[in-house]
Every structure is written in structure tokens, then in C-alpha cells.
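Please work through the following exercises with the sequence and the 3D view at hand. Each task is followed by a solution that goes step by step.

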Amino acid sequence: MFQLGKTIVSEDIIEKEFVCNLSACKGKCCIDGEAGAPLEEEELKILLDIYPKVKPFLRAEGVLAIKNQGLFITNEGEYETPLIDNKDCAYVIFDNKNTAKCGIEEAYNQGVINWKKPISCHLYPVRIMEYSEFSAVNYHKWPICDDACTLGKELKVPVYKFVKEALIRKFGEDWYSELEKVAKTFI
């Protein structure tokens, strides 16, 4: 672990390699798991604002889950996306290859909204734990992402480079520049 500003960062995000391999995993992270995607408090208002524009992109099951549960739920004091039948994220859609994708991100990609998706999804496989004095920045290893680890090794892409845009979105350009400097010391 090392410190960057008010973050404590795991070396794993520099040392491990990762590139999503949707053709292999079919987006299982959006349809597998025990809970919805974690949401930050400021993202709740964003969801409220954009939902009317995102709704047309969603599946009927997702719209129904959101109607019944709300745009977000609280689980053990944390905010997260609702699930369809305790499985799929309510915001998940499927492409013509039956690959799970984010309906919010699809609306973003089509220029309908200007918010890509929840930061927890954008950062994955990096997970952030917020503490009173600092944020912990960690790599999350999940067996359903083994193909992403294999592809990352083949392409020689460290985790922090794979999630560069999301890390900048979360912590800013200066923070990311400092991370790159630290990463050079690991080579």
C-alpha cells in the first residue's frame, strides 16, 4: 500500500493486469452477484434527473423492478442499484449477442445523457472504500473476471491503465499523474 493525497492505494492496481473481455464473460458482473452496483450519495440525484431519459433504453423487467423498488435501494446503510429477481441489475440490457450491458451507459453513448454510469461500475475492478480520513483504493479479484485477467496479461495492461478514465473521473488528473509516477517506480 502507498498513500496518494487522501487515498491509500493497493499496489495490486499497478501490479495486476486486466482488460474486460465481454466476448468471453458476456457481462456477468451486471447479472451475477449478491447486490446491486454501489452508488455514491451524489449519484442518487443524478439518477432521479436522468431516469426519464434512460427508461426507454431499459428492459420491461428493469422498469418494473425500478417501479417496485425505486431508482436505488439501501442495503445495510449503503446505496445500490435495485435488482431484477435478486439477480440482474435493473439497469442492465442485452445486445444482440446476449451480452449484458448498462442501459445508462447506452443512453450516454447515444448522446441522450451526459453521465456515463455509476462510478463503481466505471471503476471496476477497482473498488473504493470510504473512511473518515481517507479513501482506500483496492483491486477486487472476482472469478467471473478470470478472462479479463488473462486478456490483460496478454495485452500487458495494468489495472490502473485500464480504468484510467474512471480514476481521473473519481480523483482528478493530478491524482492520476501522481499514480503514474508511483507506477514507474514499480518497473
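## Exercises on one chain

**Exercise 1. Decide whether K117 is buried or exposed, and find its surroundings.**

K117 has a relative accessible area of 14% and therefore counts as buried, where buried means under 20%, exposed over 50% and partly exposed in between, with a 1.4 Å probe and protein chains only. As a next step, place the residue along the chain: K117 lies in the loop between α5 (103-109) and α6, the helices (H or I, at least four residues) and strands (E, at least two) being DSSP runs numbered from the N terminus. Finally, leaving aside residues up to four places away in sequence, K117 touches E43, C102, I104, E105, H122 and R169, a contact being heavy atoms within 4.5 Å.

Before going on, note that this is a predicted model, in which local features need pLDDT of at least 70 and side-chain atom pairs count only at pLDDT 80 or more, whereas totals for chains, interfaces and linings use all residues. Residues are numbered from 1 along each chain as its sequence is written, and side-chain values use heavy atoms, with hydrogens and water left out.

**Exercise 2. Describe the chain as a whole: which elements does it have, and how compact is it?**

Begin with the elements, which are ten helices and eleven strands. The radius of gyration is 17 Å, close to the 16 Å from the globule rule for 187 residues, so the chain is as compact as a globular protein of that length; the radius is taken over C-alpha atoms, and the rule is 2.2 Å times the number of residues to the power 0.38. Then turn to burial and contacts: buried residues make up 43% of the 187 residues, and of the contacts with a separation of 6 or more, 66% are between residues 24 or more positions apart.

**Exercise 3. Work out what kind of aromatic pair F72 and Y79 form, and then treat Y124 and W142 likewise.**

Rings of Phe, Tyr and Trp (its six-membered ring) pair if their centres lie within 6.5 Å, and planes under 30 degrees apart count as stacked, over 60 as edge-to-face and the rest as tilted. By this rule there are six aromatic pairs. F72 and Y79, 5.9 Å centre to centre with 90° between the planes, are edge-to-face. The rings of Y124 and W142 have centres 6.1 Å apart and planes at 75°, so this pair is edge-to-face. Y124 sits in the loop between α6 (119-123) and β10 (126-130), and W142, 18 residues apart from Y124, in the loop between β11 (135-139) and α7 (146-155). As a last step, compare exposure: Y124 is buried at 9% relative accessibility, whereas W142 is partly exposed at 22%.
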